[in-house]
Amino acid sequence: MRIVSISVFLLLATTALGQSARDLVNNSGVQGGLVVHVGSGDGPLMADLSANGSIVVHGLCHNRDETTKAREHIKQQGLYGKASVRHWDKGYLPYADNLVNLLVAEDLGDIPMREVMRVLTPRGVACVKSGETWTTRAR
């Protein structure tokens with residue numbers, strides 16, 4: 001499984017500017033499991049998230065054209081299987097309760113934060129971008 005540094009998250013609801021995928025994963029404390037990338041765009045951040053060998057990344061893209069581009073990017077990087085993406089424009093997440101270890105959202109669209117918290121595992125982490133600022137919340 002994964003280990004989460006609880007002491008870090010007692011102070012959460014903090015923000016950081018310009019974090020890379022590696023920074024997001026490292027700062028979250030998530031060591032492995034399922035990472036969901038909401039608003040995955042054309043794939044580079046999602047591909048970077050999957051660079052950790054113990055993480056599987058599932059991207060949800062609001063735009064069909066970007067979904068196609070993201071799939072191509074993942075294939076070109078040789079990451080298909082470790083990372084996958086699908087078109088998703090609904091106001092809920094297609095996951096069971098307590099399944100997602102880390103959720104990274106560049107654009108939540110119509111998905112409410114309570115829905116994000118529903119899918120997170122106990123001690124799971126959500127990193128949500130607003131403008132250029134990332135806000136982190138632990139469950």
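This briefing walks through a predicted model of one protein chain, topic by topic. The chain has five helices and seven strands, and 46% of its 139 residues count as buried. Confidence comes up early, followed by the strands, the aromatic rings and a handful of individual residues.

**How confident is the prediction?**

- Averaged over the chain, the pLDDT is 80, and 82% of the residues score at least 70.
- Confidence is highest in helix 5, residues 113-119, where the mean is 97.
- At the other end of the scale, helix 1 (residues 6-9) has the lowest confidence, with a mean of 27.
- Residues 1-18 stay under a pLDDT of 50 throughout, and the model gives this stretch 38 contacts beyond four places in sequence.

**The overall layout**

- If you follow the chain along its sequence, the pattern reads α-β-α-β-α-β-α-β-β-α-β-β.
- Take the contacts between residues at least 6 apart in sequence: 55% of them join residues at least 24 apart.

**Strand 2 and its neighbours**

- Strand 2 covers residues 33-38, and five of its six residues are buried, so this strand is largely enclosed by the rest of the structure.
- One partner of strand 2 is strand 3 (residues 55-61); the two pair in the parallel sense over six bridges.
- Within that pairing, V36 stands opposite H58 of strand 3.
- Strand 2 also runs parallel to strand 5 (residues 100-105), and four bridges join the two.
- Here you can look for H37, whose bridge partner in strand 5 is V104.

**A closer look at G33**

- G33 is found in strand 2, and with a relative accessible area of 29% this glycine is partly exposed.
- Leaving out residues up to four places away in sequence, G33 touches S54, I55, V56 and N101.
- One of these, I55, is 22 residues from G33 along the chain, yet their C-alpha atoms are separated by 5.0 Å.

**Aromatic rings and the lysines over them**

- How many aromatic pairs does the structure hold? There is one, and it is formed by W88 and Y92.
- The rings of W88 and Y92 meet edge-to-face, with 5.3 Å from centre to centre and 90° between the planes.
- The two members of the pair differ in their surroundings: W88 is buried, with a relative accessible area of 8%, whereas Y92 is partly exposed at 40%.
- W88 has another companion in K90, which lies over the face of W88 at 5.5 Å from the ring centre.
- A second lysine, K75, lies over the face of Y80, at 5.8 Å from the ring centre.

**A serine at the end of helix 2**

- Is S28 buried or exposed? Its relative accessible area is 1%, well under the 20% cut-off, so S28 is buried.
- S28 belongs to helix 2, which covers residues 21-28.
- The side chain of S28 reaches the backbone nitrogen of V30, at a distance of 3.0 Å.

**Positive phi angles outside glycine**

- N98 is not a glycine, but its phi is positive, at about 60°.
- You will find N98 in the loop between strand 4 (83-87) and strand 5, where this residue is partly exposed with a relative accessible area of 38%.
- R123 also has a positive phi without being a glycine, with a value near 70°.
- In contrast to the loop position of N98, R123 is found in strand 6, residues 120-130.
- R123 is exposed, with a relative accessible area of 51%.

**P122 and the distant R139**

- P122 is found in strand 6 and is exposed, with a relative accessible area of 55%.
- Which residue lies 5.7 Å from P122, C-alpha to C-alpha, although they are 17 residues apart in sequence? The residue is R139.

Note on methods
Residues are numbered from 1 along each chain as its sequence is written. Side-chain values use heavy atoms; hydrogens and water are left out. pLDDT is the predictor's confidence in each residue, from 0 to 100. Contact means heavy atoms within 4.5 Å. Buried means under 20% relative accessible area, exposed over 50%, partly exposed in between (1.4 Å probe, protein chains only). Two strands pair if DSSP finds at least two bridges between them. Rings of Phe, Tyr and Trp (its six-membered ring) pair if their centres lie within 6.5 Å; planes under 30 degrees apart count as stacked, over 60 as edge-to-face and the rest as tilted. A charge sits over a ring if NZ of Lys or CZ of Arg is within 6 Å of the ring centre and within 35 degrees of the ring normal. A polar contact is a pair of N or O atoms within 3.5 Å; within protein, one must be able to donate a hydrogen and the other to accept it, and residues adjacent in sequence count only if both atoms are side-chain atoms.
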